[in-house]
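Got the viewer open? Load the model, colour it by chain, and follow along stop by stop.

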Amino acid sequence: MSVVDLPKPNTEFPKLTVPNGLGTGPIPIAPYISQAWYEQERDRVFGRAWLCMGRVEQLPEADSFIVKEIEICGVIALITRDAKDQIRAFHNVCSHRANLVVHETSGKGSRFVCKYHNWAYRNTGDCIGVPDRANFFDLDMKKCGLTPIACETWEGWIFINLQKQPEVTLTEFLGNFGEVFRDAPAPAATQAFTVDVTSMRANWKVTIDAFCESYHVPVLHPSTLGDTFANDSNRYARPLSGNVRGAHRTMTTFGNPNYVPPESSLIERLAYSNIDTGNTLGANDAADMQALQNHPAINPNKVPNWATEICWLFPNFLIFYSPGGFFTLEFWPLSVNTTRWVARMHTPVAADVRQRFQQEHYSCRMAEIFLEDVGNLERQQKAMESGGKTEIILQDGEFLLRHSIETIQKWVASATVREALAE
Amino acid sequence: MQMQTSLPASLPNSLPAGFEALEPFVEYWAGATNDIRWDRRARASMAEIRSFYEAAVPRADEGLAYLEQFPLDAMPDDATRLLRLLLSLPHAAMAVEFHGQPRAAASPFPHGMHIGRGPWPQGW
Ligand code: FES
Ligand SMILES: [Fe+2]
């Protein structure tokens, strides 16, 4: 990244948009408010992309399962891990009269029984039981298994693809991202505290965009985050590096290295008094954090004052690596202007009560920050829908948003996935 | 997603000996889950939050020191109650130390956001 002249006092932040081959013009608002566009995204983006379902640790042992709903496509995916640790995905729909088979969202079981007429399935998908089978007509049980959904894993991340025959492999889909993030650690992946937003009134892109630029942080989160994400050397929280990686994209954000809780913040100081990372915006331990910092693609320029490496997996999944921890965010469209999302904050199992106290503080702060975003985004969606503007303007530090919408536009316009993925 | 507790909200001697002065705060502030503690703080007035914060902060370090003798996931009931009470301090601190008001400016309430499970080992 070349250093270019920028207004004082910020003279050392790389340009991101043009060097990454992106345009600089305004972006139309229609994709954030149009029903017709939403349907195109359903068919051409969510219907064709490999969708990240989360970590394999969410299936903690043999015969675990989870159920994930992809509302925009009307799909309910049953993801299973069998006795040999193979992970598979199926439509959670009975072969008899198409009722829902599994009602829970997660659990343990090697077989599933539909509660309508007791048809039974193994977690490999095979149909293994049909009551009063003799009363059907030439029933071939081999053809009565659960309908599979393409499912692959990469580095402990589970992906599904809703195309009957995916046009590209997961490896092709991940492209450069998959190469450079190979072997990235996933500290404390076995447990997370979760923040769930079952429905909020904003388009899914409006929502995910707010987690992928730091320009808003000093303004929207002045007391919860402001002093940790900006200081006099970077008043506008400019990013420290950023890369387009095929359909995906990554960015390093700035952290204020001088932040210490003020004298008056008695509980914040007590909470962080014994944390070994010295980081007041996280909850992981120093060894885990060092492993993250040693990875070549995380904070690639190895600047000391980084706050997060944001990895945006196209279209809707974020992995955050930070000196304080590791977490994911996933955003699921429910309609053109409603979104469900989930944050999974991976923190270690507390070893003692002081660490547990600190984790409560961390979870409080994250929830406060997320709630500030929710209120803000519902206002933005309403304003976008008012028709007062037809375009938005993006600055250089918002390049992830530009690459996201450019990539979505490309997928919508492309007849094939391979064409959408072409450079 | 909210978990039920088997503990009655308040009992005689509901906190360990020495912490009697915090007894009046147990019923409201020793919420059973992170999500309940968050919700209680969000619904409280600034005066209520301050009165809890000012009473509990001077006892917080001592309370944590007392609790250090027990495994986190196997505490006696009175210690669990004290832990839950102390875990409301970070929530109260959001109002006192960050916002200067019960909830962040312009953040919605009520809202559809919930802390699901965690932190661990308790999951509450
Ligand atoms: S619909 Fe499942 S058993 Fe009949
Ligand atoms: Fe934000």
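How many residue pairs are in polar contact between chain A and chain B? The count is 21, with both residues at pLDDT 80 or more; a polar contact is a pair of N or O atoms within 3.5 Å, and within protein one must be able to donate a hydrogen and the other to accept it, while residues adjacent in sequence count only if both atoms are side-chain atoms.

Before you click on, some housekeeping. This is a predicted model, where local features need pLDDT of at least 70, side-chain atom pairs count only at pLDDT 80 or more, and totals for chains, interfaces and linings use all residues. Residues are numbered from 1 along each chain as its sequence is written, chains are lettered from A and ligands numbered from 1 in the order in which they are written, and side-chain values use heavy atoms, with hydrogens and water left out.

**Stop 1: where the chains meet**

Select the residues of each chain that touch the other. You should pick up 40 residues of chain A and 43 residues of chain B, with contact meaning heavy atoms within 4.5 Å. Together the two chains bury about 3500 Å², 65% of it on carbon and sulfur atoms; buried area is the accessible area (1.4 Å probe) that two parts lose on being put together, summed over both.

Now show side chains. There are four salt bridges between chain A and chain B, each a side-chain nitrogen of Lys or Arg within 4 Å of a carboxyl oxygen of Asp or Glu. Zoom in on A:Arg354 and B:Asp61, a salt-bridged pair whose closest N and O atoms are 2.8 Å apart.

Next, colour chain A by element. On the side that touches chain B, two or more residues come from each of β12 (193-200), α6 (222-229), α7 (266-272) and α9 (353-385) of chain A. Helices (H or I, at least four residues) and strands (E, at least two) are DSSP runs, numbered from the N terminus. The most comes from α9(A), with 18 residues. By type, this side of chain A splits into 19 nonpolar, 11 polar and 10 charged residues. In that split, Ala, Val, Leu, Ile, Met, Phe, Trp, Tyr, Cys and Pro count as nonpolar, Asp, Glu, Lys and Arg as charged, and the others, Gly among them, as polar.

Stay here and select β12(A) with strand β1 (residues 113-115) of chain B. They pair in the antiparallel sense over three bridges; strands pair if DSSP finds at least two bridges between them. Look for A:Val195 opposite B:Ile115.

**Stop 2: chain B and its helix α2**

Hide chain A for a moment. Chain B has four helices and one strand, in the order α-α-α-α-β from the N terminus on. Of its 124 residues, 55% count as buried: that is under 20% relative accessible area, against over 50% for exposed and partly exposed in between (1.4 Å probe, protein chains only).

Pick out helix α2 (residues 34-43) of chain B. Seven of its 10 residues are buried, so the helix is largely enclosed by the rest of the structure. Among them are B:Trp38, B:Arg37 and B:Arg41. Bring chain A back: the cover over the buried residues of α2(B) includes α9 of chain A, along with α1 (23-29), α3 (46-67), α4 (77-99) and β1 of chain B.

**Stop 3: strand β14 in chain A**

Select residues 248-254 of chain A. All seven residues of this strand, β14(A), are buried, so it is largely enclosed by the rest of the structure. A:His248, A:Thr250, A:Thr252 and A:Phe254 point one way, and A:Arg249, A:Met251 and A:Thr253 the other.

Add strand β13 (residues 241-245) of chain A, which pairs antiparallel with β14(A) over five bridges. The two form a hairpin with two residues between them, and A:Gly246 in the turn has a positive phi of about 65 degrees. Then add strand β15 (residues 306-313) of chain A, joined antiparallel to β14(A) by six bridges. There, A:Cys311 is the bridge partner of A:Thr250.

**Stop 4: two buried residues**

Go to A:Thr80 in strand β4 (residues 75-81) of chain A. Is A:Thr80 buried or exposed? At 0% relative accessibility, A:Thr80 is buried. A polar atom of its side chain lies 2.7 Å from the backbone oxygen of A:Asn123.

Finish on A:Phe159 in strand β11 (residues 157-161) of chain A. A:Phe159 is buried too, with a relative accessible area of 1%, and touches residues including A:Trp50, A:Trp154 and A:Leu313.

Note on methods:
Lists of a residue's contacts leave out its neighbours within four places in sequence.
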